[in-house]
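Visitor: Please take a close look at one sheet in this model. Which strands form it, and what packs on it?

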Amino acid sequence: MPECPFANLLDPDTYAQGMPYEALQKFRQAGPVLKMDDPLTGVPYWAVVGQQELDYVSKNPALFSSALRSSFPMEHPQDMVDLIFSHTIINMDPPRHQKVRRIVREAFTPKRVDSYEPAFRAHAKRILDNVVARGECEFVEEVAAELPLIAILELLGVPLSDRKQFFDWTNTMIFADDPDMATSELDGQIAAGDCINYALQLAAKHRSEPMNNITGALLDGEVDGEGISEEDFAWMFILILVGGNESTRTVISHGMRLLMEHPEQLQYLVDNPAKIPAAIDEILRFNTAFIQMRRTATQDIELGGQAIKAGDKVILHYHAVNHDEAVFGDDAMQFDVRRAERMPKLAQQVRSFGIGQHFCIGSHLARLELLVMFEEIIPRLRKPRTNGELEYIRSYFVNGIKKMPIRFEAGH
């Protein structure tokens, strides 16, 4: 066992005070693939913290399966994996994965996503209108959470009047490790059940009033000549809801935090708004939303100089990889909105959306939401600064911020 800065990358307390940047750098220095113990579950794992090795695992699903034990880094009983998680695209291997992905893909084509820009822009302006005159707000819930939730609910065919309910369900399902967000694992299961019931009601509605959206695409799609079951649809609904809501909320929150911590870089974007798209790549790199995912080795194989055995648990640590000095240079641990100016292929090197067959199907949607929000935030929330304690989510899965009260001067 190598000398590591702390014992367990799968302990939620590791991230309770924010991302441990310096400690993760020590992991990378120890090697691209490290054998780790997990005292919380008793299941050891391999931590992949080098980009080359992460890419190899991601691009070889026959060697590293998403289906055997699911793509989620936490431990679940095998019957739960087989009965529940197997219904979601993120936990599928080829050839089933490609067949199901083909159904969903049409709802996320760049052309279709780009058509949402005027509506997203109008929502973003309204979101800022609601806070800018006050000179202060709780940024996460009042600003960062709004557009991602509105957007994904509209694409799923959910009335906006239900958005607060979905905001609460999402938090309860995802953040069960954080005592401030959910009181027990049972709460998460109840929230998932409520969400499934809602999805089934939407499916019934689609049969009488067909919808031209993601819900309609899923319910009308076929795999090997057969339609998707309502159970498959319900779990896919939850995955899309959480992936399309929580992840972008998290990136907007961290992006604002980073710009407040680097006011000279924020001023650069105020003065050069055409540079905001490139700055978003750096925001995505520096604090990725989903910290890590899991694969299971299907055979004995060597990776990064380590002998991995069939059945071993393999963790892909996207956050550590996004700071890989071998890829991003000696200043990889520094936030720099101008990085893309000297690294033109920055977007292709960032692993916040994964890589390979499970590359995030909603990445273009997320980028559009980020662009619209920061194009509206940067000129209107001038000289922002924190106005109270910033609170992080206690989670080793989602790199979230719970609360970030801020003050600012109104811009136009």
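Guide: Two strands count as paired if DSSP finds at least two bridges between them. The model is predicted. By that criterion, five strands form an open sheet. Their order is β1-β2-β10-β7-β3, and the pairing is mixed. Strands of a sheet pair through backbone hydrogen bonds, either parallel or antiparallel.

Start at the edges. These are β1 (33-36) and β3 (64-65), each of which pairs on one side only. For β3, the partner is β7 (residues 292-297). The two run antiparallel and share two bridges. In one bridge, phenylalanine 64 has alanine 297 of β7 as its partner.

Now the helix on the sheet. Helix α2 (residues 51-58) packs there and touches β1, β2 (45-48), β3, β7 and β10 (313-317). The direction of α2 makes about 125° with that of β10.

Other strand pairs can be read in a similar way. Take β14 (residues 405-410). Strand β4 (residues 136-138) pairs with β14 in the antiparallel sense over three bridges. There, glutamate 136 stands opposite arginine 407. Strand β11 (residues 381-386) also runs antiparallel to β14, joined by four bridges. In that pair, threonine 386 faces isoleucine 406 of β14.

Definitions and conventions. Residues numbered from 1 in each chain as written. Predicted model: local features only at pLDDT ≥ 70, side-chain atom pairs only at ≥ 80, totals over all residues. Heavy atoms only, no water. Contact = heavy atoms within 4.5 Å. Axes fitted to C-alpha atoms, helices over the stretch in contact; angles between N-to-C directions.
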